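Me: I have this one open next to its sequence and would like to talk it through. Could we start with what you mean by a contact, and then go from place to place?

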Amino acid sequence: MAAAVNLRNLTIANITPNVHAINSQCGDLRLKYILERVVTHLHDLARETRLSTDEWLTAIRFLTEVGQISSDVRQEFILLSDILGLSLLVDSIDHPKPKGSTEGTVLGPFHTLEAERTDQGGLISNDTDGEPLLVFCTVKDTGGNPISGAEIDVWETDSKGFYDVQHADRDGPDGRAVLTSDESGDFWFKAIVPVPYPIPHDGPVGKLLKVLNRHPYRPSHMHFMFKKDGYDPLAALTSVHSALYLRDDPYESTDAVFGVKDCLVVSLQKVEDEAMAKKYDVKLGSAFLTYDFVLVTAEAAAKLRRQKAEDAMTELGRKVTFINDLPVPDVD
């Protein structure tokens, strides 16, 4: 049974250990550990900055506004996590990738579950103003073997830089589809050339960016989410998520949500072979994007994640044990 806690006469000096003491009654060891660290860092932040009441109330009002504007089609808290770099940090910690496998990146707030299944070669965008694009990709494991039957969820903006869910008058999904890799691990479809676009910046996150003198733009990119039994789950929907970014985009090195990685930057090509144009039913000279995705097994990812966690705890000088491969203090 936990010792009695006397929460009286608390001061700047002793408030933190007393909060830890009362929270230590929590039976969930992982939650207790996370809260202990959250409280420690928040209290240290207040002490180190001499945080004023007005400043803290401003932060509370800001977070309140973030919650109030959030909805099923606009996840302002995801945007906040993204622009603070937290989304990428958590993804990198929870889904480390061994050398040679495709890196993950931020999921973003615009994935939906309503994408329609599309056959190989299907058209995913009905935007006639967009530049036609042929996309041909492969899915393989780290040994170079094709992965057949992988479900690939793809989505992109229209030619004006808006996702379908951002149009109030939309009558169904567009710019998105779900495909399946064939026996050779291939999948291909027709889309439009991605364009740069701003994340929603008419809300509290946009106001914060303005105060920070930061732009809200993301470089041109297309999202790919993979689902296959036995392979590393990432981001949402227990799947593997990545994105491809177009080389030489004006925002390639200043992405508002920090998602660009060199290994995910690609150069657009052109369909210059008549036989290829005929085979894939596209016009000669059409834009062409190709990429070889490499997925890592769930077992390999879990082993790497555990090893990196152990190394990090050793570096921090923490004596821990692991529950479900997540560290908690070792009190024995």
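Reply: Contact here means heavy atoms within 4.5 Å, and please keep in mind throughout that this is a predicted model.

Me: Good, then which residues is L284 in contact with, leaving aside its neighbours within four places in sequence?

Reply: With those neighbours left out, L284 is in contact with V271, E272, D273, E274 and A277.

Me: And where does L284 sit in the chain?

Reply: L284 has its place in the loop between α7, residues 274-279, and β11, residues 287-295.

Me: Is L284 buried or exposed?

Reply: Neither word fits, because partly exposed covers what lies between under 20% and over 50% relative accessible area, and L284, with a relative accessible area of 48%, is partly exposed.

Me: I also had S148 marked, so how far apart are L284 and S148?

Reply: In sequence L284 and S148 are 136 residues apart, and in space they are 29 Å apart, taken from C-alpha to C-alpha.

Me: Stepping back, how many helices and strands are there in the chain?

Reply: The protein chain has 8 helices and 13 strands, and its C-alpha trace spans about 80 × 45 × 35 Å along the principal axes. Of the 332 residues in the chain, 41% are buried, and if you take the contacts between residues at least 6 apart in sequence, 70% of them join residues at least 24 apart.

Me: On to helix packing: at what angle do α3 and α6 pack?

Reply: Helix α3, residues 53-69, packs with helix α6, residues 204-211, at an angle of about 135°, and their axes are 9 Å apart. That angle makes α3 oblique to α6, because roughly antiparallel is kept for angles over 145 degrees and roughly perpendicular for 65 to 115.

Me: Which residues make that contact?

Reply: From α3 the contact is made by F62, E65, V66 and I69, and from α6 by P204, V205 and L208. Sorted by class, this contact of α3 with α6 has 6 nonpolar residues, no polar ones and 1 charged.

Me: Now the pockets, so what is the volume of the largest pocket, and what lies nearest its centre?

Reply: The largest pocket has a volume of about 770 Å³ and is lined by 23 residues, with R30, Y33, I93, M313 and P327 lying nearest its centre. Two or more lining residues come from each of α2 (29-49), α5 (86-94), α8 (298-316) and β13 (326-329). By class, the lining of the largest pocket divides into 14 nonpolar, 2 polar and 7 charged residues.

Me: What about the second largest pocket, and which element gives the most to its lining?

Reply: The second largest pocket holds about 640 Å³ of space, and of the 20 residues that line it, E55, W56, T58, A59 and L63 lie nearest its centre. The elements giving two or more residues to that lining are α2, α3 and α6, and α3 gives the most, with 9 residues. The lining of this second pocket has 11 nonpolar, 5 polar and 4 charged residues.

Me: Last topic: how many cavities of 30 Å³ or more are there?

Reply: The structure holds 1 cavity of 30 Å³ or more, and about 70 Å³ of space lies in the largest cavity. Its lining includes D82, W155, Y163, R218 and H223, and the lining residues divide into 8 nonpolar, 2 polar and 2 charged.

Methods
Residues are numbered from 1 along each chain as its sequence is written. This is a predicted model: local features need pLDDT of at least 70, side-chain atom pairs count only at pLDDT 80 or more; totals for chains, interfaces and linings use all residues. Side-chain values use heavy atoms; hydrogens and water are left out. Axes are lines fitted to C-alpha atoms, for helices over the stretch in contact, and angles run from 0 to 180 degrees between N-to-C directions. Helices (H or I, at least four residues) and strands (E, at least two) are DSSP runs, numbered from the N terminus. Angles under 35 degrees count as roughly parallel, over 145 as roughly antiparallel, 65 to 115 as roughly perpendicular and the rest as oblique. Ala, Val, Leu, Ile, Met, Phe, Trp, Tyr, Cys and Pro count as nonpolar, Asp, Glu, Lys and Arg as charged, and the others, Gly among them, as polar. On a 1 Å grid over the protein atoms alone, a cavity is a set of points where a 1.4 Å probe fits but cannot get out, and a pocket is an open set with protein on both sides within 12 Å along at least five of seven lines; lining residues have an atom within 4 Å of a point. Grid points are joined across faces, edges and corners, and a volume is the space filled by probe spheres set on the points. Buried means under 20% relative accessible area, exposed over 50%, partly exposed in between (1.4 Å probe, protein chains only).
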